[in-house]
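Student: I'm new to this structure and would love a close look at a single part. Could you pick one spot and walk me through what surrounds it?

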Amino acid sequence: MTDLSIRLLQEEDWDGVVALEERAYAASGLSEGREALRSRHRASPDTCFVLEHAGGLGGYLLALPYPLFQCPDLSRAEAGGVRATNMHLHDLVVAEDLRGRGLAHRMLRGLEETARARGYRTMSLVAVRGSQVVWAPLGYRARPEIGLPGSYGPEALYMAMPLSPAAAPATIAVAVPAPTAVAAVVQSLTPSTDPSLGFPPRAEVG
């Protein structure tokens, strides 16, 4: 997969990100729109990534610090940055033709290692449309007692997991204008369990 790279999300990526997001969520009423998406990025631009494939956009991941047991409202833009010891995986989408290669899992594990290295204690997400069966084996525990904004739909479920302290980091270089790195653990997932459709808020897999 030499034609694939993970890098920080940039301004010129937004048309591609919005198109992927709409294909993943519009039919189920979970699409949040360009401005809300951009506000998540503004809150934490160094934890938002894209998957570049053959010169195009093959996927994206949006994550931001958010208080544990809380999550963004899909119907509202972020008002500003939030200080928290929890990293919230807000959204992850991989293009349909790239699913089943473990790419979403690779991006997810990279985010988890980045969060550990920066001292975050937990990670969270919101599973939608029954996708909690994918997240539980990855270490996320369902918290059905946590109320969620109605914008996630009736089947949404908050999930979280603790992050162990960072060990000596094993990182891979990420192609970005400024020096940065993302740790990645590459694990294969079958097409039925590869986290790629869209995740946290809309946590899915593909």
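Tutor: Let's start with Glu 52, which is partly exposed at a relative accessible area of 25%. Keep in mind as we go that this is a predicted model. Glu 52 forms a salt bridge with Arg 7, and their closest N and O atoms are 3.3 Å apart. Glu 52 belongs to strand E2 (residues 48-53) and Arg 7 to strand E1 (residues 4-8), so this pair ties together parts that are 45 residues apart in sequence. Unlike Glu 52, which is partly exposed, Arg 7 is buried, with a relative accessible area of 8%.

The picture goes beyond two residues. Salt bridges that share partners join Arg 7, Asp 13 and Glu 52 into one network. In general, side chains of opposite charge can pair when their charged atoms come close. Across the whole structure, a search finds 13 salt bridges.

One of these links Arg 38 and Glu 11, whose side chains meet at 2.7 Å, N to O. Here Arg 38 sits in helix H2 (residues 34-43), while Glu 11 is in the loop between E1 and helix H1 (14-25), so the pair ties together parts that are 27 residues apart in sequence. Arg 38 counts as partly exposed, at 21% relative accessibility. Another salt bridge joins Glu 145 to Arg 143, with 2.6 Å between the closest N and O atoms. Arg 143 is partly exposed too, its relative accessible area being 21%.

Now back to strand E1, this time from the side of an empty space. Rolling a probe the size of a water molecule over the atoms shows where empty space is left. The structure holds 2 cavities of 30 Å³ or more, and the second largest has a volume of about 40 Å³. Its lining is made up of Leu 4, Ser 5, Ile 6, Leu 51, Leu 103, Arg 106 and Met 107. E1 and H3 are the elements that give two or more residues to this lining. By character, the lining residues of the second largest cavity divide into 5 nonpolar, 1 polar and 1 charged.

That brings us to helix H3 itself. It covers residues 103-117, and at 1.5 Å a residue its 15 residues should span 21 Å; the end C-alpha atoms are 21 Å apart, which agrees. Of the 15 residues of H3, 13 are buried, so the helix is largely enclosed by the rest of the structure. Just after H3, Gly 119 takes a positive phi of about 90 degrees.

Gly 119 leads to two other residues with a positive phi. Phe 69 has a positive phi of about 75 degrees although it is not a glycine. Phe 69 lies in the loop between strand E3 (56-65) and strand E4 (86-94), and is partly exposed at a relative accessible area of 32%. Arg 129, also not a glycine, has a positive phi of about 50 degrees. You will find Arg 129 in the loop between strand E5 (122-127) and helix H4 (132-135), where it counts as partly exposed at 37% relative accessibility.

One last stop is a pair of rings. The structure holds 2 aromatic pairs, including the edge-to-face pair of Trp 135 and Tyr 140, at 5.7 Å centre to centre and with 85 degrees between the planes. Both Trp 135 and Tyr 140 are buried.

Terms used. Residues numbered from 1 in each chain as written. Predicted model: local features only at pLDDT ≥ 70, side-chain atom pairs only at ≥ 80, totals over all residues. Heavy atoms only, no water. Salt bridge = Lys/Arg side-chain N within 4 Å of Asp/Glu carboxyl O. Helix = DSSP H or I, 4+ residues; strand = E, 2+ residues; numbered from the N terminus. Buried < 20%, exposed > 50% of the residue type's maximum accessible area, 1.4 Å probe, protein only. Phe/Tyr/Trp six-rings, centres within 6.5 Å; stacked < 30°, edge-to-face > 60°. Expected span 1.5 Å × (residues − 1). 1 Å grid on protein atoms, 1.4 Å probe; cavity = no way out; pocket = protein on both sides within 12 Å on 5 of 7 lines; lining within 4 Å. Points joined across faces, edges and corners; volume = space filled by probe spheres on them. Nonpolar A, V, L, I, M, F, W, Y, C, P; charged D, E, K, R; others polar.
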